[in-house]
Amino acid sequence: MTETTAALRAARRPAAALAALALVLGLPEAAPAQPLRDNAYTIDLFQGPILAPLRVTGIAGAYAGYAEGIAGMVANAAAPAVREPFSVKWLEADVAASISIPIELFENNDFDNSGDIDLDYSNFVYLTLGGQLQAGDFGVGVNAELQRYSLRDEDGVETTVVTGKYHFLGGARLLGDALVLGAGARAVTLGLGADQANLTIAGISPELGLLIRPDWASYRLGATFRFPVNGGRLLGEGAVVDGQVRRAGGLILPNEVVLPWELEIGLAVQVGPRPLNPAWINPRDQERELREAIARRRAAREAQRERELGEIADPEERARRARIFALESARERAADERELAAGPDVLQEERRARYWNWPREHLLITAELLVTGPVSRGVSLEHFLAQHQQEREDGDSVVGSSGAHVSFSPRFGIETEPIPGRVHTRFGSYYEPNRYGRVGRQHFTFGADLRVLSTTLWGLLPEVAYTLQASMDFAPRYDSVSAGIGVWH
């Protein structure tokens, strides 16, 4: 045995011990040392920082256990069938759109938490557009999230990136309001505009969700599972084969682009006089009860008159009373018809008043865990775009560096109304896992709604109260401030 061989074996012992310890503790392994030289890798579309509707961002994304409104579709597939407390119609339609232009307060953004601040994210725009239609116990919804930004490296080379996430969902309420089930599809698109290249991918896969919300209880439990979306290869103009390696704009292209699977489990608890889970009143049930009550009242009146006529022995007197009863019946039927005609509007106003008469004071506490699946031979989007720069530095591998293991992101949020009817505030925190196998980072989020005015737009629409909205997200090497306009409920 040579001294070199002995030294190698001695060196292997502590290395093997460390590897065994890492295996026992579930620690991530180091990526193999090889740069991008061929197409045998996958772009991991995992997104660490939360980019979502402002209300979701304000409570750190902990929304799966609440799951209300169009915003809820990004967190729980059951959201389209969840009746909000202000829902007063059997057939409800709603649309929502917002555009956010995050403001960077400090020039230190490390968007993918790689530890390198090597790309300049500029001209960033986040757009969300959604709509839902609810009919009785059923609901369907569509929501689209579009992110557009330009990335410029230190050499001034610019790449335009447009990503889109889409949810096509349907759901149903069961056991009254106690259980809401939803299912549908999640789709993703990615467009890259690089030097002499224009590439796109698209993929779609199922997602399932549920929400448990017993009537008048002060808690909710929600969960959703999204299957992985495999977008396949980047296709389009500018792709060439150079020595069996597909390239475009000087970039080595991946074999596939994957949005990993996700499991989101959440809890919402509300304290204070305002109810969290008020029973939804079905307008058709309420109107049917009104018709049945009027019919019973009419039948009781007729039965009473029949008894009175039966007790009259004199035929002339009985005929006279019958004529009087006929006139009274005609007037009463006319009054019943007027009540029936006005009934739907009156009952709707009663349901609306029921909502607005509830106290505003409340404290909503939400918590959730987002679990994201692994990606084989994953590379982050940022590292894919910066591969020239990585190769120039030290040639360290990025293949397999992103998404080698399952990631866990615990989240926590608080929502309250410190000035009832005027100001709504949100606070939260979430842990962003590091897909590179290192320690992640903690984010702190804030959000607020300020009610500013109510208008009917010169009588063209029902009166609506509008708000100015803002959300903020701060973490080491990351900051984002967004603003928007919303509707006050």
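At 45% relative accessibility, Glu337 comes out as partly exposed. This is a predicted model, so the contacts described here are those of computed coordinates. Glu337 pairs up with Arg298 in a salt bridge whose closest N and O atoms sit 3.8 Å apart. Arg298 belongs to helix H3 and Glu337 to helix H4, so this bridge ties together parts separated by 39 residues in sequence. Arg298 is partly exposed as well, at 26% relative accessibility.

Next along the chain is Arg297, which bridges to Asp336 with its closest N and O atoms at 3.1 Å. Here, too, distant parts of the chain get linked: Arg297 is in helix H3, while Asp336 is in helix H4 (residues 315-356), 39 residues away. The two partners sit in rather unlike surroundings, as Arg297 is partly exposed with a relative accessible area of 36%, whereas Asp336 is buried at 3%. Asp336 counts as buried because its 3% falls under the 20% cut-off.

Both of these bridges feed into a wider arrangement: Arg297, Arg298, Arg301, Glu302, Arg305, Glu328, Glu332, Asp336, Glu337 and Glu339 are joined in a salt-bridge network. Across the whole structure, the count of salt bridges is 30.

Helix H3 (residues 283-310) also holds a more local case, with Arg288 and Glu292 four residues apart, or about one turn of the helix. The closest N and O atoms of this salt bridge are 3.7 Å apart. Arg288 is partly exposed at 35% relative accessible area, and Glu292 is partly exposed at 36%.

Turning to the rings, there are nine aromatic pairs in the structure. One of them joins Phe225 and Phe227 edge-to-face, with centres 4.9 Å apart and 85° between the planes. Phe225 is partly exposed at 27% relative accessibility, and Phe227 is partly exposed at 34%. Phe225 also pairs with Trp261, this time in a tilted arrangement with 5.9 Å between centres and 35° between planes. That pair spans distant parts of the chain, from Phe225 in strand S8 (residues 219-226) to Trp261 in the loop between strands S14 (256-259) and S15 (262-271), 36 residues apart. Trp261, at 24% relative accessibility, is partly exposed.

Elsewhere, ring pairs pull Phe86, Trp216, Tyr355, Trp356 and Trp358 into a cluster. Charges meet rings as well: the charged end of Arg220 sits over the ring of Tyr66, 4.9 Å from the ring centre. Arg411 does likewise with Tyr430, its charged end sitting over the ring at 5.6 Å from the centre.

Technical notes: Residues numbered from 1 in each chain as written. Predicted model: local features only at pLDDT ≥ 70, side-chain atom pairs only at ≥ 80, totals over all residues. Heavy atoms only, no water. Salt bridge = Lys/Arg side-chain N within 4 Å of Asp/Glu carboxyl O. Helix = DSSP H or I, 4+ residues; strand = E, 2+ residues; numbered from the N terminus. Buried < 20%, exposed > 50% of the residue type's maximum accessible area, 1.4 Å probe, protein only. Phe/Tyr/Trp six-rings, centres within 6.5 Å; stacked < 30°, edge-to-face > 60°. Lys NZ or Arg CZ within 6 Å of the ring centre and 35° of its normal.
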